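Work through the exercises below with the sequence and the 3D view at hand. Try each task before reading its solution.

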Amino acid sequence: MELRVLNYFLAIAREENFTKAASQLHVTQPTLSRQIADLEQELGVKLFVRSNHNIILTEDGMILKRRAQEILSLADKTKRDFLQKDEALSGTISIGSGEFRSTEYLAKMIAAFRQKYPNVKYEVYSGNANNIRDYIERGLLDIGLMSEPIDMRKYNFVNMPVKEQWGVFVPNDSPLSKKECIAPEDLKGMSIVTATGDFNQSRIGKWLGEYKDQVEIAATANLPYNEAVLAKENIGVMLSIKLNCTYENLHFVPLHPVLEVSTALGWKKEQIFSATTSAFIDFAIQYLKGISHDKI
């Protein structure tokens with residue numbers, strides 16, 4: 001029983017689909033099917049029940065999944081314990097991030113890790129949660145800083161220590177800029193600029209409640225800066241999260257009822273990472289655990 005084959009098995013169990021798993025593993029589907037057939041023959045059990053749309057683990061498959069996770073975790077930890085004795089870790093870590101206040105903590109984390117391993121480089125890709133998840137699934141990103149909720153079946157993650165606050169950005173001369181907070185009824189009949197996505201199912205759509213059909217979605221954008229550019233041209237009121245920056249001629253007013261969202265640093269379960277990326281993930285978990293919420 002090879003570690004490589006156990007990783008194949010876990011990928012199929014995670015994706016519930018041979019084609020998707022083969023794509024993730026960069027192997028052909030016939031190769032993957034043959035490896036699993038050999039594993040079933042070696043163990044003398046059936047691991048999956050196949051259907052037209054997906055596959056389901058058998059009872060023996062569920063037992064092997066638990067054991068395989070333990071075996072691969074121990075093997076990975078053993079490898080890291082030896083490799084991390086070398087202070088000269090190098091390579092590139094690919095990280096996706098939305099535009100959040102918590103991105104500042106990601107930057108601090110990278111800076112702290114860089115002090116320990118100065119030869120490591122970083123590629124940071126900006127995007128929304130859907131973009132980042134897609135890039136992680138395609139193997140183009142190692143880690144992603146995303147807004148919650150995160151699919152716990154597919155990802156391991158660690159929560160960031162700050163919540164993101166939603167509000168409106170309005171021109172400085174707008175009557176709304178004089179208010180201490182903005183209620184859903186204050187936006188009745190107004191044009192809105194907000195994040196790309198399904199508005200009715202979005203946090204803002206749910207926050208607006210009965211008033212969501214009484215606003216006009218004039219424009220959407222996938223990053224707050226783009227939303228701000230549109231709002232500055234009076235295309236609509238910008239509904240977005242507050243960042244540690246200011247936009248010229250735009251004033252932030254928080255929402256009431258308060259709307260906040262948590263973010264987390266996530267990575268794919270049962271993924272085989274480089275020693276450098278594995279070391280960064282371990283470092284990130286310990287770094288974030290060491291931050292006191294009382295100091296934020």
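Three exercises follow, on a predicted model.

**Exercise 1. The sheet**

Give the strand order of the open sheet of 5 strands and name its edge strands.

Solution.
1. The order is S4-S3-S5-S13-S6, and the pairing is mixed.
2. Strand S4 (120-126) and strand S6 (155-159) each pair on one side only, so they are the edge strands.
3. On average, neighbouring strands of this sheet are turned by 25° against each other, direction ignored.

**Exercise 2. One strand pair**

How many bridges join strand S5 to strand S13, and do the two run parallel or antiparallel?

Solution.
1. Strand S5 covers residues 143-147 and strand S13 covers residues 263-268.
2. The two strands are joined by 4 bridges and run antiparallel.
3. Within this pair, Leu-145 has Leu-265 in S13 as its bridge partner.

**Exercise 3. The largest pocket**

Describe the volume and the lining of the largest pocket.

Solution.
1. The volume of the largest pocket is about 780 Å³.
2. Its lining consists of 32 residues. Those nearest the centre are Ser-147, Trp-166, Ala-195, Thr-196 and Arg-203.
3. Two or more lining residues come from each of helix H6 (129-137), strand S8 (191-195), helix H7 (203-208), helix H8 (224-232) and strand S10 (237-241).
4. Sorted by type, the lining of the largest pocket has 13 nonpolar, 12 polar and 7 charged residues.

Key:
Residues are numbered from 1 along each chain as its sequence is written. This is a predicted model: local features need pLDDT of at least 70, side-chain atom pairs count only at pLDDT 80 or more; totals for chains, interfaces and linings use all residues. Side-chain values use heavy atoms; hydrogens and water are left out. On a 1 Å grid over the protein atoms alone, a cavity is a set of points where a 1.4 Å probe fits but cannot get out, and a pocket is an open set with protein on both sides within 12 Å along at least five of seven lines; lining residues have an atom within 4 Å of a point. Grid points are joined across faces, edges and corners, and a volume is the space filled by probe spheres set on the points. Ala, Val, Leu, Ile, Met, Phe, Trp, Tyr, Cys and Pro count as nonpolar, Asp, Glu, Lys and Arg as charged, and the others, Gly among them, as polar. Axes are lines fitted to C-alpha atoms, for helices over the stretch in contact, and angles run from 0 to 180 degrees between N-to-C directions.
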